[in-house]
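The exercises below ask you to read a protein structure step by step, going from the whole chain to single residues. Try each task with the structure in view before turning to its solution.

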Amino acid sequence: MRRKQEELDAKNAAARQQARAQSRSASPTGQAAPARPAAEIVADPGDLPAVWAATRRWLSANASYLERVLGHCCSVAALDPGEGEVTLLVPAVQRGFTSERARVKIEEALRAVTRLPLKLALEFNEAATHAPPPSANAPASADPRVPPEIVEAVKAQPLIKELMKRLDATVVQVE
């Protein structure tokens, strides 16, 4: 029994080694090159909605989390090919998602889709971030399948209470 297990382990190790050897590129370090899909080039950099749409597609393939968080709520406000500057309009509530790393990734995406040496500037828009306040008698959950007593039970949890108090937050959805 032990011998059969050792043979099986040796066979599996050989198969893993062969799979790793096939996936390696011809680079001197032996590391596999990251596969990046070709960027969709925007013909007219003056067409700002098309530039942002192509940028979102690039981000969805290369930085999907960033695209999910910022893609739907941002837009290109200005693009000046002569100066090499692009301004991205971001809602102020998304400021936390615009770290230096995120800026670099968005800038890389914009460069890929325009083929221009662009520098990214972010403009935060306060007006676009204000959602209408929920009415006092509106349910906290948009899902009608969640009973109000469940919503109240969630609000009664000590951790949720503390977060609501410290962050001046409200429960808007329970799933």
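**Exercise 1. Find what share of the 175 residues in the protein chain is buried, and describe how the chain is built.**

Solution. Buried residues, meaning those under 20% relative accessible area, make up 27% of the 175 residues in this chain, and the model they are counted in is a predicted one. Next, counting the regular elements gives 6 helices and 3 strands, which follow one another along the sequence in the pattern α-α-α-β-β-α-β-α-α. Finally, consider the contacts between residues at least 6 apart in sequence: among these, 58% join residues at least 24 apart.

**Exercise 2. Work out which residues of the largest nonpolar core touch the most other members, and which elements each supply at least two residues of this core.**

Solution. The largest nonpolar core has 26 residues, and those touching the most other members are Leu 59, Val 76, Leu 88, Ile 106 and Leu 110. At least two residues of this core come from each of α2 (48–62), α3 (64–71), β1 (75–80), β2 (85–91), α4 (100–114) and β3 (119–125). To follow one of these residues outward, take Leu 88 and set aside its neighbours within four places in sequence: its contacts are then Trp 52, Cys 74, Ser 75, Val 76, Ile 106, Leu 120, Ala 121, Leu 122 and Glu 123.

**Exercise 3. Describe how α2 packs against α4, and decide whether α2 is oblique or roughly perpendicular to α4.**

Solution. Two packed helices are described by the angle between their axes and the distance between the axes. For α2 and α4 the angle is about 120° and the axes are 9 Å apart. Because angles from 65 to 115 degrees count as roughly perpendicular and those over 145 as roughly antiparallel, α2 is oblique to α4. The crossing in which α2 passes α4 is right-handed. On the α2 side the contact is made by Val 51, Trp 52, Ala 54, Thr 55, Trp 58, Leu 59 and Asn 62, which meet Lys 105, Ile 106, Glu 108, Ala 109, Leu 110, Ala 112, Val 113 and Thr 114 in α4. Sorted by class, the residues of this contact are 10 nonpolar, 3 polar and 2 charged.

**Exercise 4. Identify the buried residues of α3, and say what covers them.**

Solution. In α3 the buried residues are Leu 66, Glu 67, Val 69, Leu 70 and Gly 71, and their cover includes α2, β2 and α4. Looking at α2 more closely, its axis and that of α3 come within 6 Å and cross at roughly 140°, which makes α2 oblique to α3. Trp 52, Arg 56, Leu 59, Ser 60 and Asn 62 of α2 make this contact with Ser 64, Leu 66, Glu 67, Leu 70 and Gly 71 of α3; by class there are 4 nonpolar, 4 polar and 2 charged residues.

Leu 66 lets us check the picture at a single position. Leu 66 counts as buried because its relative accessibility is 11%, and, not counting residues up to four places away in sequence, Leu 66 touches Leu 59, Gly 71, Phe 97, Ala 102, Lys 105 and Ile 106. One of these partners, Lys 105, is 39 residues from Leu 66 in sequence, yet their C-alpha atoms are 8.6 Å apart in space.

**Exercise 5. Determine how many of the 10 residues of α6 are buried, then examine the segment after α6.**

Solution. The number buried among the 10 residues of α6 is 0, so this helix lies largely in the open. Helix α5 (residues 148–156) packs with α6 at an angle of about 75°, their axes being 5 Å apart, and α5 is therefore roughly perpendicular to α6. Here Val 154, Lys 155 and Ala 156 in α5 meet Pro 158, Ile 160, Lys 161 and Met 164 in α6.

In the segment after α6, Asp 168 is not a glycine but has a positive phi of about 50°, and its relative accessibility of 71% makes it count as exposed. Val 171, also found after α6, is buried, with a relative accessible area of 17%. The C-alpha atoms of Val 171 and Val 154 are 8.5 Å apart, while the two residues are 17 apart in sequence.

Note on methods:
Residues are numbered from 1 along each chain as its sequence is written. This is a predicted model: local features need pLDDT of at least 70, side-chain atom pairs count only at pLDDT 80 or more; totals for chains, interfaces and linings use all residues. Side-chain values use heavy atoms; hydrogens and water are left out. A nonpolar core is a set of buried Ala, Val, Leu, Ile, Met, Phe, Trp, Tyr and Cys residues joined through side-chain atoms within 4.5 Å. Buried means under 20% relative accessible area, exposed over 50%, partly exposed in between (1.4 Å probe, protein chains only). Helices (H or I, at least four residues) and strands (E, at least two) are DSSP runs, numbered from the N terminus. Contact means heavy atoms within 4.5 Å. Axes are lines fitted to C-alpha atoms, for helices over the stretch in contact, and angles run from 0 to 180 degrees between N-to-C directions. Angles under 35 degrees count as roughly parallel, over 145 as roughly antiparallel, 65 to 115 as roughly perpendicular and the rest as oblique. A crossing is left-handed if the near helix is turned anticlockwise from the far one by less than a right angle, and right-handed if clockwise. Ala, Val, Leu, Ile, Met, Phe, Trp, Tyr, Cys and Pro count as nonpolar, Asp, Glu, Lys and Arg as charged, and the others, Gly among them, as polar.
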